[in-house]
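Student: I have a structure open and a list of terms to go with it. Could you show me how each term is earned?

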Amino acid sequence: SRECVPTQMTNQAANRRLSTLMNTLIVAAGYFFSRILGLVREIIISAQFGTSPQLDAFKATFGIVDMIYLVVAGGALGTAFIPIFAGFLGEQREEDAWRLASATLNLALAGLVVGCLLVAVFAEPIVALTVGSGFDLATRILTVELLRWMLIQPILLGIGGLAKSVLESTDRFSIPALGANLYNIGIIAGALVAPWLGVWGLVLGINIGALAFLLIQIPTLLAVGAHYIRGGWVATTGVVQVLRMLGPRLFGQAVWQINLIAIASFASRVGPGAVSANNLATQLMLLPHGLLALSVGTVIFPQLSRLYAAGEIDSFRKQALAALRMVLFLAIPASVILGELGQPIVRLLYERAAFGASSTILTTQALTAYMAGLAAFTASEIMVRSFYAMQDTRTPVLIACVAVVSNIGLGYLFLGIGAGLAGLALAFSIANTIEAGLLLVVLARRIGAFGRAFWRAIGGMFLAGAACLITLEWFHRIASIQEPFSTPGNLYHWPGDFLTQALWVAVLVLVGLGVYAGLAVALGIPEVWVLARFRRSTTAIKHTDRETS
């Protein structure tokens, strides 16, 4: 029997590793498919509406709608509710857990309904003073009408978000990931009926998608024993703890949403189509950010939390710096490729039907400027998670406030000197670089100097990125002579030129990645081999699990 104990422990360890890996893959796959569906959504919408005033009105409402959801419900569900709820379950206090969930639902639902009613009543002055300040009268009226009907969405997402938090607390990740993707599918369905319903099809799709996000989770909620307990409010056990943890995060999310509303307001003053073009460029920027920073951040957050709680600061520091180096290693070539090949990529994805050459040019201007700050944007995500793991929500929020003030101030300045949409995107990149720099300084003081090896690797990554940029620029210039449609203007024709353009972009992407990876190997940047070892270790874990089972 003694010999069986090590074998059982080995089996349990292998199963735990496999379980962690599978949950990581589920989270990463959820982010991946969400971004891909979001990209498909924008392709379909852009083909239907281009960068028209109707789409401007639709996109402008999102800043306000998202602010209601994130400020009232999103922060509570993301950072405050889960630790307390999961703690109750871990202590076998199931009734306290469900009582807390019920009370949180009551408070979140009350806040969402009140917030939506207030926005509905004061929709006209809110739009006139914020996201629609640069619109003409007809577009502003349409924005108000769309906003009022879209206020159904945050209520449904709020309830669905609480369901998602409950399921993730019980290690059920697949259904919430599926629900998040159903939301995008609902919007895509709305875009497909736009030829008959116009922009109102998008509103219908958003509300149907939010409803699907909620409903798909209900059977699994019932399966884990969820039940509603009436009468729970602030006095319920655990609610005060949730509210106490919530404060800094709510403030930070409110500031971030104000920042997005300010950007949309500035964009509305650039001219027709600017809001839509800025939104498309932002979505393309968020694609690598979601796949890299959010996926890695989601995986390392619980690991960093456990290391800090155990007092293993040296291990905490190594883990945080390893994650930071990895996201930068991947984000730098992504920013170079999307920045240098922005126009052909935008053209391939969107330029057809109502989305013409002028829309491509406008979107590319914003995308290129956004790429200047992508590396800093992704790095900030990892550093912010590191502070959260140290149970410090105040420091990253204060630094984020500095970034938001910088973004709004620079955006206003660049808009005043005629920099247009590219100026607004550049302001965002500069502000994110300032935020990343401040986070680096404070984090180094908190966990110790990063060391020469860290800075040597980062320097090598930027050097490899510069070589990638120079190579792509050289090839781009040669290709523009051979293929005139690769330059801005009306020389590209859908669908005849699509395949040639796609092959050309694919070749340049491979060349750029080859130069970057080759120089990284030559400079001895270890992240090249870390990726290879990760792939081998993943295979080894699966092989171990098959043997022990």
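**Helix pairs and ring pairs**

Tutor: Start with helix H11 (residues 239-268) and helix H18 (residues 420-447), which pack at an angle of about 160° with their axes 10 Å apart. Keep in mind that this is a predicted model.

Student: Why is H11 called roughly antiparallel to H18?

Tutor: Set the angle against the cut-off. The angle is about 160°, and angles over 145 degrees count as roughly antiparallel. Therefore H11 is roughly antiparallel to H18. Their crossing is right-handed.

Student: Which residues make the contact between H11 and H18?

Tutor: H11 brings Trp256, Ile263, Phe266 and Ala267, and H18 brings Leu421, Leu424 and Phe428. By class, that contact has 7 nonpolar, no polar and no charged residues.

Student: What makes H14 and H15 oblique to each other?

Tutor: Helix H14 (residues 342-350) packs with helix H15 (residues 357-371) at an angle of about 130°, their axes 9 Å apart. Roughly antiparallel needs over 145 degrees, and roughly perpendicular covers 65 to 115. An angle of about 130° fits neither range, so it counts as oblique. H14 passes H15 in a right-handed crossing.

Student: What classes of residue are in the contact of H14 with H15?

Tutor: Gly342, Gln343, Val346 and Arg347 of H14 meet Ala357, Thr360, Thr363, Thr364 and Leu367 of H15. That gives 3 nonpolar, 5 polar and 1 charged residues.

Student: Now the rings. How many aromatic pairs are there?

Tutor: The count comes to 11 aromatic pairs, with ring centres within 6.5 Å as the rule.

Student: Why is the pair of Tyr350 and Phe355 called tilted?

Tutor: Their centres are 5.7 Å apart and their planes are at 45°. Stacked needs under 30 degrees, and edge-to-face needs over 60. The planes at 45° meet neither cut-off, so the pair is tilted. Both Tyr350 and Phe355 are buried.

Student: What makes Trp474 and Phe475 edge-to-face?

Tutor: Their planes are 85° apart, with 5.1 Å from centre to centre. Over 60 degrees counts as edge-to-face, so the term fits.

Student: How do you know whether Trp474 is buried or exposed?

Tutor: Look at its relative accessible area, which is 52%. Exposed means over 50%, so Trp474 is exposed.

Student: And why is Phe475 called partly exposed?

Tutor: Phe475 has 30% relative accessibility. Buried means under 20% and exposed means over 50%, so 30% counts as partly exposed.

Student: Which residues do ring pairs link into a cluster?

Tutor: Tyr370, Phe377 and Phe428. Phe428 also belongs to the contact of H11 with H18.

Terms used: Residues numbered from 1 in each chain as written. Predicted model: local features only at pLDDT ≥ 70, side-chain atom pairs only at ≥ 80, totals over all residues. Heavy atoms only, no water. Axes fitted to C-alpha atoms, helices over the stretch in contact; angles between N-to-C directions. Helix = DSSP H or I, 4+ residues; strand = E, 2+ residues; numbered from the N terminus. Parallel < 35°, antiparallel > 145°, perpendicular 65-115°, else oblique. Left-handed = near helix turned anticlockwise from the far one by under 90°. Contact = heavy atoms within 4.5 Å. Nonpolar A, V, L, I, M, F, W, Y, C, P; charged D, E, K, R; others polar. Phe/Tyr/Trp six-rings, centres within 6.5 Å; stacked < 30°, edge-to-face > 60°. Buried < 20%, exposed > 50% of the residue type's maximum accessible area, 1.4 Å probe, protein only.
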